[in-house]
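Open the model in a viewer with a selection tool at hand. The stops below give what to select and what is there.

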Amino acid sequence: MLLSEDRKIPAPAVNPENQAFFDAAANGKLLLKFCKTCQEYHHYPRTLCPHCFSEQTEWRDAKGVGTIHTHSVLRRGVPTPYCIAYVTLDEGVSMLTNIVDCDLDAVKIGMPVKVTFKPTEGGPPVPMFTPA
Amino acid sequence: MSIKGKAYLVGAYEHPTRKATDKSVAQLHAEVAKGALADAGLTKQDVDGYFCAGDAPGLGPLSMADYLGLKLRHLESTDTGGSSYLVHVSHAAQAIAAGKCNVALVTLAGRPRSEGSSGTQPRSWGAAVPDGPFEAPYGIVTANSYAMVAMRHMYEYGTTSEQLAWIKVAASHHAQHNPHAMLREVVTVKEVLDSPMVADPLHRMDCCVVSDGGGALIVARPDIARDLKRPLVKLIGAGESPKGQAGGKLNLTTSGAAWSGATAFAEAGVQPADIQYASIYDSFTITVLVQLEDLGFCKKGEGGRFVADGNLISGSGKLPFNTDGGGLCNNHPANRGGMTKVIEAVRQLRGEAHPAVQVKNCALALAQGTGGQLGTRHGSATLIFERE
């Protein structure tokens with residue numbers, strides 16, 4: 001058993017294109033970009049859809065649930081082991097994240113997870129995931 | 001227009017140093033350039049094209065051309081991480097075919113070992129990198145990025161840590177014969193599995209070394225190559241491709257080699273089964289396995305079985321790979337392993353590899369590079385060479 005510990009999380013570099021995502025995160029909401037032209041979600045968010053290059057993209061509330069696509073606990077060279085992962089959201093896109101607040105040795109591909117928000121050092125909180 | 005037969009690899013040099021606390025990065029570039037020119041039998045005055053990537057200090061090739069005292073009519077600084085130098089060879093052939101240069105110099109050098117670099121440290125690509133805010137907070141480093149690919153490959157295809165370990169075992173069998181290799185001890189599958197877990201499921205021995213050093217290549221026009229007194233190594237196929245997260249529609253277990261390899265094989269007019277020696281970028285064992293599948297040496301998902309039981313060991317295995325010991329055992333200068341992949345392929349085609357690992361009558365070889373991070377975005381480049 002390897003209980004996850006809080007670690008110092010670097011602040012994301014907020015810019016005009018991603019500001020809304022991190023503003024929402026500060027309010028405990030996970031946003032995704034959706035393209036009204038090709039009807040596809042994408043992540044990380046862009047102004048122009050990376051699938052069809054339409055500018056008709058909009059922010060949508062994500063359900064904040066998904067499953068673990070892959071994961072790895074980094075155990076060496078860091079003060080505290082932590083679990084990086086891709087989570088495939090119910091909306092169909094995968095996002096890079098951390099799995100937190102659980103036994104990291106028990107994390108498995110396919111495990112259902114839900115979003116939680118963790119503070120960063122001097123920046124907005126960022127979405128992470130914990131077993132649902 | 002094809003680059004097939006339009007250019008030859010006439011010079012190759014690998015810096016013998018593995019720790020260069022007493023040298024500057026620019027100096028290492030100059031030393032490898034001089035070594036490659038001497039290997040080719042050419043002089044600095046013959047060089048009219050120069051190629052370098054992000055490891056070269058300063059503004060692209062401008063600083064280095066000035067430092068080296070090069071008079072150029074063609075220069076390029078494509079940076080696709082560790083695969084850059086394979087791309088450079090391909091682009092040098094294109095430039096030569098188009099008459100833009102006659103003799104191209106490609107250099108790589110760096111001293112990450114002296115500077116305390118590690119694959120468990122975050123890498124910074126600058127504040128404006130669009131993916132940065134969505135990755136840096138999560139502690140993505142080199143090791144855990146590749147580890148996520150390995151974890152997914154195991155899940156989808158049943159690949160095992162034992163199978164991955166065989167890649168390191170094969171590399172160590174080759175490295176024992178290389179006096180310059182950082183790790184010359186032959187290791188067993190058990191020793192790989194017993195080495196400390198760095199990033200699940202990758203053990204320390206699944207990871208390449210961190211080393212100082214560098215290498216250089218000389219690419220030349222066919223008639224110039226024929227006037228030199230070296231075995232003729234002809235470029236007959238090349239491919240390059242970037243691969244990323246596809247807007248969140250991930251496919252982690254396929255690398256850009258699926259595209260760069262197909263392009264190179266089509267141009268060369270040969271099949272994977274024809275290849276007698278393969279240099280495969282080995283930042284981690286999983287990097288090798290995924291690229292072997294994507295290049296078509298085996299089917300997707302069968303890489304684990306393909307690499308097991310010594311199949312990559314020269315002399316006994318079906319596909320001899322990285323006979324210098326590769327990044328896993330020999331070196332990984334500037335944290336960019338593409339250059340040394342090309343150099344060992346050239347040695348094999350010339351018959352200049354160590355006798356214990358030399359492939360008999362090696363006439364067709366492949367070099368495969370990956371740069372960036374397999375688990376997020378990377379560049380892939382494939383070169384196919386023929387001895388004439």
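The tour starts at the contact between two chains and then moves through individual helices and strands. Keep in mind that this is a predicted model.

**Stop 1: the contact between chains A and B**

Colour the two chains separately and select the residues where they touch. The selection should hold 34 residues from chain A and 32 residues from chain B. On the chain B side, α4 (142-157) and β5 (197-199) each supply at least two residues. Which element gives the most to this side of chain B? Select α4(B): with seven residues, α4(B) gives the most. Colouring the chain B side by residue class shows 20 nonpolar, seven polar and five charged residues.

**Stop 2: an open sheet in chain A**

Hide chain B and display the strands β2, β1 and β3 of chain A. These three strands form an open sheet in the order β2-β1-β3, with antiparallel pairing. The edges are β2 (41-42) and β3 (57-61) of chain A, each of which pairs on one side only. Now select residues 31-35 of chain A, which make up β1, and look at its pairing with β2(A): the two strands are joined by two bridges in the antiparallel sense. To see one bridge pair, pick Phe34(A), whose partner in β2(A) is Tyr41(A).

**Stop 3: helix α3 of chain B**

Bring chain B back and select residues 84-97, helix α3. Put a distance between the C-alpha atoms at the two ends; the value is 20 Å. That agrees with expectation, because 14 residues at 1.5 Å a residue should span 20 Å. How many of the 14 residues of α3(B) are buried? Twelve are, and the helix is mostly covered. Among the buried residues are Tyr85(B), His88(B), His91(B) and Ile96(B). Step just past the helix to Gly99(B), which takes a positive phi of about 80°.

**Stop 4: helix α5 of chain B**

Select residues 161-175 of chain B and repeat the distance check on α5. The 15 residues should span 21 Å at 1.5 Å a residue, so the 21 Å between the end C-alpha atoms agrees. α5(B) is also mostly covered, with 13 of its 15 residues buried.

**Stop 5: strands β9 and β10 of chain B**

Finish with residues 277-280 of chain B, strand β9, shown with side chains. Tyr277(B) and Ser279(B) point one way, Ala278(B) and Ile280(B) the other way, and all are buried. Add residues 364-372, strand β10: it runs parallel to β9(B), and four bridges join the two. Opposite Tyr277(B), in β10(B), stands Ala365(B).

Technical notes:
Residues numbered from 1 in each chain as written. Chains lettered and ligands numbered in written order. Predicted model: local features only at pLDDT ≥ 70, side-chain atom pairs only at ≥ 80, totals over all residues. Contact = placed C-beta atoms within 7 Å. Nonpolar A, V, L, I, M, F, W, Y, C, P; charged D, E, K, R; others polar. Pairing = 2+ DSSP bridges. Expected span 1.5 Å × (residues − 1). Buried ≥ 20, exposed ≤ 12 C-beta atoms within 10 Å, placed from the backbone.
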